[in-house]
Amino acid sequence: MRFTKHVITSICFNPSNLAQSQDYDQIENALFLKEQEKGRTLLVRKRWVARWLVCLFTGVGTALVATVIEVSIEHATEFKFNVLRKLINWCDSGTCMALPMLAWIAVNAVLVFLGSLLVTYMEPQAAGSGIPQIKCYLNGVKIPGLLTVRALLAKAVGVILSVVGGLACGKEGPMIHSGAIVAAGISQGRSRLFKKDFKIFEYLRSDTERRDFVSGGAAAGVSAAFGAPVGGVLFSLEEGASFWNQSLTWRIVFASMVATFTVNIILSAIHGHASDLSNPGLISFGRFSHITYEAIEIPLFLVMAVIGGLLGATFNGINGKLTVFRKKFIKRKWLKVLEAVLVACLSAVMAFVLIFTVDDCVENSEGHETDHSHMNCPDGQHNIMSSIFLKTPEASLISILHGKNEDYNMLTLGIFSVMYFMLACWTYGLSVSSGIFIPSLLTGAVWGRLFGMAVIQLFPESIGDKDLGKYALIGAACHLGGTVRMTISLTVILLECTGDITFGLPIVMVLIIAKWVGDLFNTGLYDMHIQMMGIPLLPWEPPEMSYDITAKQVMNSPVLTLNTTEKVSRIVDVLENMPHLHSGFPVVEKAPTDGEASPSSSETPSLESFGRCKGLILRSQLCLLIKHKVFSAANGDLVRVSASLPASADKEVRLEHFRDAYSQDIPSVNLEISEAEKDCCIDLQPYMNPSPFTVTMTASLPRMFRLFRGLGLRHLIVNNDKNEVVGMVTRKDIAKFRQNAKVGKIQVQELQIRQE
């Protein structure tokens, strides 16, 4: 491979104006040090106990959400498909076949209309699986509306309506988002929607603590969905969390175990056998202990992995084009709802047409006479297409995995795999709550079973165990791995779902090959959607061959700075006139007023400096200081005069005030400030971060990248050799440099930042 550097500046990088970086850097100001001096041991113990309690409640809460979704979908789909089966069987003569088709279309359209309406108008962040957004949050990007009670309601109810409405989606993916919301809400001890503060866990109200709990919630969601606590932890580590430590691992394992155990107890009790504990998750693939594979089949599995990688890359490519089309032409909310309803109607039409036209009849199996329709089939037989479509996607997946060899013919599987592949591709990205796990597994299981049938026909004497279930399982793993590009966590999830480690080696092999093949053409589905959302996600490593890119080339300059003692009028002016451009401000000593700058050192005469760096203060801190009117009078020298303070002013602002204001939207405009108060001043030194991270102008891009990626920084101040501020680096300035690996060369792209 040739390593060539090619910096491209023609591509636009459009970071969302609403997304903000999180604050993981501890502000060690005077208020923080004062709190640390008293009650240190008691506070440490309270935090330790509180963290474990939050993980316990997270596991239980996530399990409750999962069981409500599961039971609702189970009863609703059973009623829906029973009615459709009766209509289809009643009209089997062909004289009134339009009636069941119209009924199917109407039910799908109404349910998906309600689900899309809920997501589109109530909380747009509830659309899709939510995994890309959670991944961004754990990487250090705060997305408004992502972790709210409103999003949880829209996500849970929306996924029920989507699955029952017949869309090619699953409920397992959204459980990850739901678990993250549960963890984030419990850890804060209050509800912004209901305006209720329970006054608990107040010392956990920080970006760092909340990030750790969201990691646990995401793992608990995977655990509740698949009954895979270890797989949930590995998913959070591999696909989600950007920051990890040993103590966090134990708490996440605990939350995942609690989620699995709670789901098991509740679902087992609902199904009438509470003592058996036979329902560890929302879905189980069943055991494959009676199926074996031979060494000669491993090369065949690797061929399937290549096919899975190619199909996954094709899926991502088509879905990417659809997403771009939606962003350009389907911008209005009513159009998004209309598209979702259209896909629901098309799904019903396609399913009915396939059931009606594909003449594939098999003998009824004992105990399953009501799971299908006997359309165009003699007595004692049923239409095999009906056994796939007149079920939830999860039930259809289990049928494909464990069905008898003679249950499906090649034509049926070939037609279904192509049609369902296209439906799933169109469905992902709609303005509905939906997941991609089950559709990918079902599509892969179908073509995997088809592949196995072809192998047995071509090499009948070479294959000992001719059970097609193993090919369906490997195909499911290949297709999902080629789409989402997960390896370790997906291996463990699949093994925990099957309850057997027999296929551990071939599964991990095919997942790695599928990822490698897919990566030759495009990125994984989640990473692709993150890029299209314009969120500045930082990968694990900096771009190759970027050491010659320095802070001087990356930083923003000129910089808006504040003096250590600043007039209220200037602070208010900064907050009102630049509401979204700046979230942090360097605090300097003897800074020129209103953006005037002084020449920098003699070594860099072309740059301007903005005063000697004394610290950094955030927009949220300034808003709180203005709200509490922490003012001092200006009489000659700037001295705090208590008698001159307004009667409504708080004479002392404690760290609890900043912690209480965390995640609350304190308006930066329309603050009630009188003209007299604007002439006062604020001493910023007790509240600012006196030791922010800084670099010199010669610092390389990889060095700054590792500071942001490893420490979770939000701002990085660039100083000259006199410790004077000359620039500021933020996350989007680092993220605009991307590595683009193509066949034969590696390029470093510098994307232009476009503000909307």
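This report describes selected features of a predicted model, beginning with a sheet and ending with some unusual backbone positions.

## A sheet of three strands

Strands of a sheet pair through backbone hydrogen bonds, and they can do so in a parallel or an antiparallel way. In this model, an open sheet of three strands follows the order β8-β10-β13, and its pairing is mixed. The edge strands are β8, made of residues 562–563, and β13, made of residues 612–618, each of which pairs on one side only.

Strand β10, which covers residues 584–589, pairs with β13 in the antiparallel sense, and six bridges connect the two. Within this pairing, Phe585 stands opposite Ile617 of β13. Helix α22, formed by residues 619–627, lies across β8, β10 and β13, and its direction makes an angle of about 75 degrees with β13.

## Salt bridges across the chain

The structure holds 14 salt bridges. One of them joins Arg714 to Asp23, with the closest N and O atoms 2.9 Å apart. Arg714 is in the loop between α25 (701–711) and β18 (715–719), while Asp23 is in the loop between β2 (20–21) and α1 (30–37), so this pair ties together parts that are 691 residues apart in sequence. The relative accessible area of Arg714 is 14%, and because a residue under 20% counts as buried, Arg714 belongs in that class. Asp23, with a relative accessible area of 22%, is partly exposed.

Elsewhere, Glu70, Lys171, Glu172 and Glu394 are linked in a network of salt bridges. Within this network, Glu172 forms a salt bridge with Lys171, their closest N and O atoms being 3.6 Å apart, and both of these residues are buried. Lys171 also forms a salt bridge with Glu394, where the closest N and O atoms are 3.0 Å apart. This second pair links distant parts of the chain, since Glu394 is in helix α13 (residues 393–402) and Lys171 is in the loop between α5 (149–164) and α6 (172–188), 223 residues apart. Glu394 and Lys171 are both buried.

## The surroundings of helix α13

The helix that carries Glu394 can be examined further. Seven of the 10 residues of α13 are buried, so this helix is largely enclosed by the rest of the structure. The buried residues are Pro393, Glu394, Ser396, Leu397, Ser399, Ile400 and Leu401. They pack against α5 and α6, and also against α12 (384–389), α14 (410–427), α15 (437–458) and α16 (469–484).

## A nonpolar patch on the surface

On the surface, Val110, Phe113, Leu114, Leu117, Tyr121, Trp334 and Leu338 make a nonpolar patch of about 680 Å². Helices α3 (98–122) and α11 (333–357) each supply at least two residues of the patch, and α3 gives the most, with five residues. Trp334 is found in helix α11.

## Unusual backbone positions

A cis peptide bond, with omega about 5 degrees, joins Ser557 and Pro558. Pro558 lies in the loop between α20 (551–554) and β8, the latter being an edge strand of the sheet described above.

Two further residues have a positive phi although neither is a glycine. In Arg485, phi is about 60 degrees, and this residue is placed in the loop between α16 and α17 (488–498). Arg485 is buried, with a relative accessible area of 6%. In Met545, phi is near 55 degrees, and this residue lies in the loop between α19 (525–533) and α20. Met545 counts as partly exposed, at 27% relative accessibility.

Notes: Residues numbered from 1 in each chain as written. Predicted model: local features only at pLDDT ≥ 70, side-chain atom pairs only at ≥ 80, totals over all residues. Heavy atoms only, no water. Pairing = 2+ DSSP bridges. Helix = DSSP H or I, 4+ residues; strand = E, 2+ residues; numbered from the N terminus. Contact = heavy atoms within 4.5 Å. Axes fitted to C-alpha atoms, helices over the stretch in contact; angles between N-to-C directions. Salt bridge = Lys/Arg side-chain N within 4 Å of Asp/Glu carboxyl O. Buried < 20%, exposed > 50% of the residue type's maximum accessible area, 1.4 Å probe, protein only. Patch = residues over 30% accessible without salt bridge, like charges linked within 9 Å, V, L, I, M, F, W, Y side chains within 5 Å. Areas by Shrake-Rupley, 256 points an atom, 1.4 Å probe, with all protein chains shown as cover.
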